[in-house]
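Colleague: I would like to learn how to read a model of this kind feature by feature. Could we begin with its pockets and go on from there?

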Amino acid sequence: MTGTAKTTSTTPGGARSTGTRKARSAPVQGVRQRARGEITGAIKDEARRQLAEVGAARLSLRAVARELGMVSSALYRYFPSRDDLLTALIIDAYDALGAAAEAALAEAEAVGDSHLARWLAVCRAVRGWALAHPHEYALIYGSPVPGYAAPSSTVEPASRAARVLLTVLRDAYEAGALREPDRDVAAPDELLEEARGLAGELGMRLPSAVVVEAVAVWSQLFGLVSFESFGQFVKVVGARDLFFDHAAVRLADQAGLRR
């Protein structure tokens with residue numbers, strides 16, 4: 001005959017205690033955590049579907065709950081407000097984009113690609129993710145959602161893709177494959193000071209002038225991606241892949257990468 005093992009002990013005061021509840025609590029807690037994770041995932045999946053259907057500004061907790069067959073009060077235990085749900089979706093999107101960029105760099109490094117080829121691989125990964133996830137890309141790089149202010153918890157995920165681009169430049173600089181900007185086009189001292197602070201925060205040992213150029217090309221890269229994602233190249237650029245690669249190589253040159 002089998003059953004639940006019960007452990008007993010005697011306290012200094014003579015009271016007997018049992019370990020049955022303690023032994024059971026860990027598995028029960030694990031089941032609850034898994035169930036909570038599954039429900040949280042379902043809520044976010046439905047919210048992403050609504051992003052595609054009605055946009056971030058019209059995202060509604062009540063509508064999400066209704067589609068999932070939940071009462072609103074139950075959903076509020078997972079996301080107390082629409083803004084909490086938006087923040088979760090934003091962090092997920094930034095993390096997914098960052099992961100795509102990191103994977104592209106790791107693959108390029110593994111096969112021994114040049115620094116320019118690594119740069120191009122990362123740029124292509126950013127574009128590829130954006131085109132494959134247009135509504136999530138619009139959530140993080142499109143028009144601001146009225147009434148929503150992103151909390152500080154979004155800052156670190158938002159920096160992941162930019163950090164990958166800076167990593168390519170840092171490695172190239174350390175290998176002598178990166179040229180610094182000419183003195184006649186050097187950034188103003190105020191920008192150089194900001195760049196020093198940014199490099200310190202990111203833990204990147206790069207000249208301030210290089211960091212300034214990196215920020216410039218990072219913003220231009222996402223401008224390219226946004227133009228394509230939001231239809232600005234219609235009847236302007238037909239050969240999109242070729243155009244993007246051409247532009248990405250030009251950005252690499254601006255950043256100082258040697259061919």
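Colleague: Which helix gives the largest share of the lining of the largest pocket?

Modeller: In this predicted model, helix 8 gives the largest share of that lining, with five residues. The elements that contribute two or more residues to the lining are helix 7 (155-158), helix 8 (160-174), helix 9 (189-202) and helix 10.

Colleague: How many residues line the largest pocket, and which of them lie nearest its centre?

Modeller: The lining is made of 19 residues, and those nearest the centre of the pocket are S159, A162, L198, L202 and W218. The space in this pocket comes to about 390 Å³, and by residue class its lining divides into 14 nonpolar, two polar and three charged residues.

Colleague: W218 is named there; how should I read the aromatic rings?

Modeller: A pair of aromatic rings is described by two quantities, the distance between the centres and the angle between the planes. There are seven aromatic pairs in this structure. One of them joins Y141 and F222, with 4.6 Å from centre to centre and 25° between the planes, and this pair counts as stacked because its planes are under 30 degrees apart.

Colleague: Where in the chain do Y141 and F222 lie?

Modeller: Y141 belongs to helix 6 (residues 134-141) and F222 to helix 10 (residues 208-229), so that the pair, whose members are 81 residues apart, links distant parts of the chain. Ring pairs also link Y94, Y137, Y141, W218, F222 and F230 into a cluster, and W218 is thus a member of the cluster as well as one of the residues nearest the centre of the largest pocket.

Colleague: Why does F222 count as buried, and why does Y141 count as partly exposed?

Modeller: F222 has a relative accessible area of 5%, and it is called buried because that value is under the 20% cut-off. Y141, at 22% relative accessibility, counts as partly exposed because its value falls between the cut-offs of 20% and 50%.

Colleague: How is a residue such as T40 to be read?

Modeller: T40, which lies in helix 1 (residues 20-54), has 19% relative accessibility and therefore counts as buried. Once its neighbours within four places in sequence are left aside, T40 is in contact with Y78 and F79.

Colleague: And what surrounds A187, in the loop between helix 8 and helix 9?

Modeller: A187 has a relative accessible area of 15% and is therefore buried. Not counting residues up to four places away in sequence, A187 touches L192 and V212, while its C-alpha atom is separated by 6.5 Å from that of A209, 22 residues apart from it along the chain.

Colleague: How do I go from single residues to a core?

Modeller: In soluble globular proteins, nonpolar side chains tend to be buried together. Here the largest nonpolar core holds 69 residues, of which L85, W119, L221 and L257 touch the most other members. L221, with residues up to four places away in sequence not counted, touches C123, L165, F244 and L251.

Colleague: What is the order of elements along the whole chain?

Modeller: The chain has 11 helices and two strands, and from the N terminus on they run β-β-α-α-α-α-α-α-α-α-α-α-α. Of its 259 residues, 39% are buried, and among contacts between residues at least 6 apart in sequence, 70% join residues at least 24 apart.

How values were computed: Residues numbered from 1 in each chain as written. Predicted model: local features only at pLDDT ≥ 70, side-chain atom pairs only at ≥ 80, totals over all residues. Heavy atoms only, no water. Phe/Tyr/Trp six-rings, centres within 6.5 Å; stacked < 30°, edge-to-face > 60°. Helix = DSSP H or I, 4+ residues; strand = E, 2+ residues; numbered from the N terminus. Buried < 20%, exposed > 50% of the residue type's maximum accessible area, 1.4 Å probe, protein only. 1 Å grid on protein atoms, 1.4 Å probe; cavity = no way out; pocket = protein on both sides within 12 Å on 5 of 7 lines; lining within 4 Å. Points joined across faces, edges and corners; volume = space filled by probe spheres on them. Nonpolar A, V, L, I, M, F, W, Y, C, P; charged D, E, K, R; others polar. Contact = heavy atoms within 4.5 Å. Core = buried A, V, L, I, M, F, W, Y, C linked by side-chain atoms within 4.5 Å.
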